[in-house]
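Thanks for coming. I will go through one structure today and keep to what can be read from the coordinates. Please have a look at it before I start.

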Amino acid sequence: MSQIISKPRIAVITLFSAVFAAFFSLPANAQNAAPAAQADNGSVWWNELISANPERSRDFYAGVIGWTPKIVAAEDTSRPPAAGENEYTLFMQNGNESAGLAKYDGKEPTDPKPGWLTYIQVSNVDDAVVEALKKGGKVLKAPTDANNIGRLAIVADPDGNPFGLVTPLSKDSTAAGH
């Protein structure tokens with residue numbers, strides 16, 4: 001995750017529903033990742049590009065930044081997509097996941113618009129969402145549990161800038177399947 005998610009290197013898959021799986025997907029290494037330390041709260045956890053034209057975006061970032069696009073299944077980033085299955089792109093740098101790319105479909109008015117979406121780690125997503133509302137923010141996607149990843153939500157600040165909130169699972173919870 002291009003040093004963005006260095007402790008531990010975690011990424012983005014299987015978020016809110018099959019519809020959102022095309023948008024918000026966490027790479028395979030997030031599936032069984034070690035817990036992020038409390039000290040990581042407030043740090044950038046993952047960056048994901050929402051693009052109306054993933055092919056063009058893959059080519060652009062490969063050329064400009066040098067990332068190697070790896071196309072995987074949105075529902076399971078450990079494998080290539082099957083025919084007709086939603087795709088997710090992992091941008092790779094020196095064998096490491098640097099960022100993600102999801103296709104923008106715009107099916108819901110609250111879907112994040114094309115652009116970069118940053119996920120920030122917090123100790124409790126639900127508490128952070130309540131605080132965002134108190135401070136004039138807006139909930140775009142309510143808190144939800146993502147299997148083997150943690151709890152996620154998408155909010156907007158008072159100026160309308162969207163960002164993700166994430167509380168990764170602890171290692172013990174991941175092992176227990178919670």
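I will begin with a single side chain. Lys134 is exposed, because its relative accessible area is 63%, over the 50% cut-off for that word. One thing to keep in mind throughout is that this is a predicted model.

Lys134 meets the side chain of Glu131 in a salt bridge, at 3.9 Å from N to O. The two residues sit three apart in helix α4, residues 125-134, so about one helical turn separates them. Glu131 has a relative accessible area of 36%, which means it is partly exposed.

Now the sheet. How many strands form it, and in what order? There are eight, in an open sheet, and the order is β2-β3-β4-β1-β5-β8-β7-β6. The pairing is mixed. At the edges are β2, residues 68-73, and β6, residues 138-146, each of which pairs on one side only. On average, neighbouring strands are turned by 25 degrees against each other, direction ignored.

Let me take one pair from that sheet. Strand β7, residues 150-156, runs antiparallel to β8, residues 162-168, and seven bridges join them. Gly150, for example, has Pro168 in β8 as its bridge partner.

There is also a salt bridge to mention here. Asp145 and Arg151 meet through their side chains, with 3.0 Å from N to O. Asp145 is exposed, at 54% relative accessibility, whereas Arg151 is partly exposed, at 22%.

Next, what lies across the other strands? Helix α3, residues 54-64, lies across β1, β2, β3, β4 and β5. Its angle to β3, residues 87-93, is about 0 degrees.

Arg58 is in this helix. Is Arg58 buried or exposed? Its relative accessible area is 10%, so Arg58 counts as buried, the cut-off being under 20%. Beyond its neighbours within four places in sequence, Arg58 is in contact with Pro69, Ile71, Glu87, Thr89, Phe91 and Leu101. Arg58 is also part of a network of salt bridges, together with Glu55 and Glu87. Glu87, then, appears both among the contacts of Arg58 and in that network.

On the surface, Phe60, Val64 and Ile65 make a nonpolar patch of about 290 Å². Ile65 is in the loop between α3 and β2. With a relative accessibility of 42%, Ile65 is partly exposed.

Back to charged pairs for a moment. The count of salt bridges comes to eight. One that I have not named yet is between Arg79 and Glu85, where the closest N and O atoms are 2.7 Å apart. Arg79 is partly exposed, with a relative accessible area of 31%.

My last item is a backbone angle. Which residue other than glycine has a positive phi near 55 degrees? That is Asn94, which is in the loop between β3 and β4. Asn94 is exposed, with a relative accessible area of 69%.

To recap the items I would look at again on screen: the open sheet of eight strands, helix α3 lying across β1 to β5, and buried Arg58 with its salt-bridge partners in the network, Glu55 and Glu87. That is where I will stop.

How values were computed:
Residues are numbered from 1 along each chain as its sequence is written. This is a predicted model: local features need pLDDT of at least 70, side-chain atom pairs count only at pLDDT 80 or more; totals for chains, interfaces and linings use all residues. Side-chain values use heavy atoms; hydrogens and water are left out. Two strands pair if DSSP finds at least two bridges between them. Helices (H or I, at least four residues) and strands (E, at least two) are DSSP runs, numbered from the N terminus. Axes are lines fitted to C-alpha atoms, for helices over the stretch in contact, and angles run from 0 to 180 degrees between N-to-C directions. Contact means heavy atoms within 4.5 Å. Buried means under 20% relative accessible area, exposed over 50%, partly exposed in between (1.4 Å probe, protein chains only). Patches are made of residues with over 30% relative accessible area and no salt bridge: like charges are joined within 9 Å, nonpolar side chains (Val, Leu, Ile, Met, Phe, Trp, Tyr) within 5 Å. Accessible areas come from the Shrake-Rupley method with a 1.4 Å probe; for residues, only the protein chains shown count as cover. A salt bridge is a side-chain nitrogen of Lys or Arg within 4 Å of a carboxyl oxygen of Asp or Glu.
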